[in-house]
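User: I'm new to reading structures and I keep stumbling over the labels. Could you walk me through how they are earned?

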Amino acid sequence: MTPLLGLLILVALPFGLMLNGYWLAALLADRSAVARLAMALACGLSLVLALVAGINFFYPLSGLAALACVSPALLTILLPGSRLSLSRDLTAAWAAGPRSLVLALAVVFFAALLWPVIRKPSAFYYDGTSNHDSFFWITSAEHLKQHTYLEYPERSATKPWLQDVPAIIGLQPQWGRM
């Protein structure tokens with residue numbers, strides 16, 4: 001992943017989650033705009049987690065099945081009341097706060113985040129821990145992109161890393177529920 005793509009994901013993810021859950025938060029008409037936006041973020045995250053868990057029981061998490069996980073965002077966009085309420089809430093939240101301070105803090109945050117890449121673009125970055133848990137989670141996530149939650153990988157001499165996937169998949173995973 002390039003730093004620019006990482007930055008785009010960092011900015012777009014909260015907004016996407018907010019879109020996913022705003023149609024529910026719009027029902028809270030008696031709350032403030034900021035409270036509805038915060039509730040939309042929490043509802044969006046909850047909906048995505050529930051949909052990923054439900055859909056992956058029957059389909060691999062790729063293609064249309066992955067798009068179905070973010071389909072509640074369409075409700076926010078297609079329902080006229082929800083769409084208008086979202087635009088009013090975003091406008092009110094933007095007008096209420098000290099914009100210059102927020103923008104300055106955002107610039108400082110992203111500059112600090114991207115400083116190693118800005119300073120030396122050819123550097124290679126490795127994110128790892130002293131334990132091996134990340135290996136299990138990444139291997140299992142790769143498996144779930146092509147298989148359902150209930151499909152166990154076949155034992156393979158050419159892909160021995162797949163032997164660890166049952167630790168987090170199936171009806172009774174060895175490590176417990178994801």
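**Why those labels?**

Analyst: Let's start with Ser82: at 6% relative accessibility, this residue counts as buried.

User: Why is Ser82 called buried?

Analyst: Buried means under 20% relative accessible area. Ser82 has 6%, so the label fits. Bear in mind that this is a predicted model.

User: Where is Ser82, and what does Ser82 touch?

Analyst: Ser82 sits in helix H5. Not counting residues up to four places away in sequence, Ser82 touches Tyr22, Trp23, Ala26, Leu75 and Thr76. There's also Ala25: this residue is 57 residues from Ser82 along the chain, yet their C-alpha atoms are separated by 8.8 Å.

User: What makes Tyr59 exposed?

Analyst: Exposed means over 50% relative accessible area. Tyr59 comes in at 53%, so Tyr59 is exposed. You'll find Tyr59 in the loop between H2 and helix H3 (64-68).

User: Which residues is Tyr59 in contact with, leaving aside its neighbours within four places in sequence?

Analyst: Those are Ala65 and Thr148. Gln146 is worth a look too: Tyr59 and Gln146 are 87 residues apart in sequence, but 8.4 Å apart in space, C-alpha to C-alpha.

User: And why is Ala66 called partly exposed?

Analyst: Partly exposed is the label in between the cut-offs of 20% and 50%. Ala66 has a relative accessible area of 33%, so that's the label for Ala66. Ala66 belongs to helix H3, and the C-alpha atoms of Ala66 and Val52 are 7.8 Å apart, with the two positions 14 residues apart in sequence terms.

User: How much of the protein is buried?

Analyst: Buried residues make up 24% of the 178 residues. As for the surface, the protein exposes about 12,300 Å², and carbon and sulfur atoms supply 71% of that area.

User: What helices and strands does the protein have?

Analyst: Seven helices and zero strands. Read from the N terminus, the order is α-α-α-α-α-α-α.

User: How do you describe two packed helices?

Analyst: You give the angle between their axes and the distance between the axes. Take helix H2 (residues 33-56) and helix H5 (residues 80-96): their axes come within 8 Å and cross at roughly 115°. The crossing of H2 and H5 is left-handed.

User: Which residues make that contact?

Analyst: From H2, you have Ala33, Val34, Arg36 and Leu37. From H5, there are Ser85, Leu86, Asp89, Leu90, Ala92 and Ala93.

User: What makes two of the contact residues charged?

Analyst: Asp and Arg are among the residue types that count as charged, so Arg36 and Asp89 get that label. The full split for H2 with H5 is seven nonpolar, one polar and two charged.

User: How do you know how confident the predictor was?

Analyst: The mean pLDDT of the protein is 83, and 89% of the residues reach 70 or more. Among the elements, helix H4 (residues 72-78) has the highest mean pLDDT, 93, and helix H6 (residues 99-119) the lowest, 75.

Terms used
Residues numbered from 1 in each chain as written. Predicted model: local features only at pLDDT ≥ 70, side-chain atom pairs only at ≥ 80, totals over all residues. Heavy atoms only, no water. Helix = DSSP H or I, 4+ residues; strand = E, 2+ residues; numbered from the N terminus. Buried < 20%, exposed > 50% of the residue type's maximum accessible area, 1.4 Å probe, protein only. Areas by Shrake-Rupley, 256 points an atom, 1.4 Å probe, with all protein chains shown as cover. pLDDT = per-residue confidence, 0-100. Axes fitted to C-alpha atoms, helices over the stretch in contact; angles between N-to-C directions. Left-handed = near helix turned anticlockwise from the far one by under 90°. Contact = heavy atoms within 4.5 Å.
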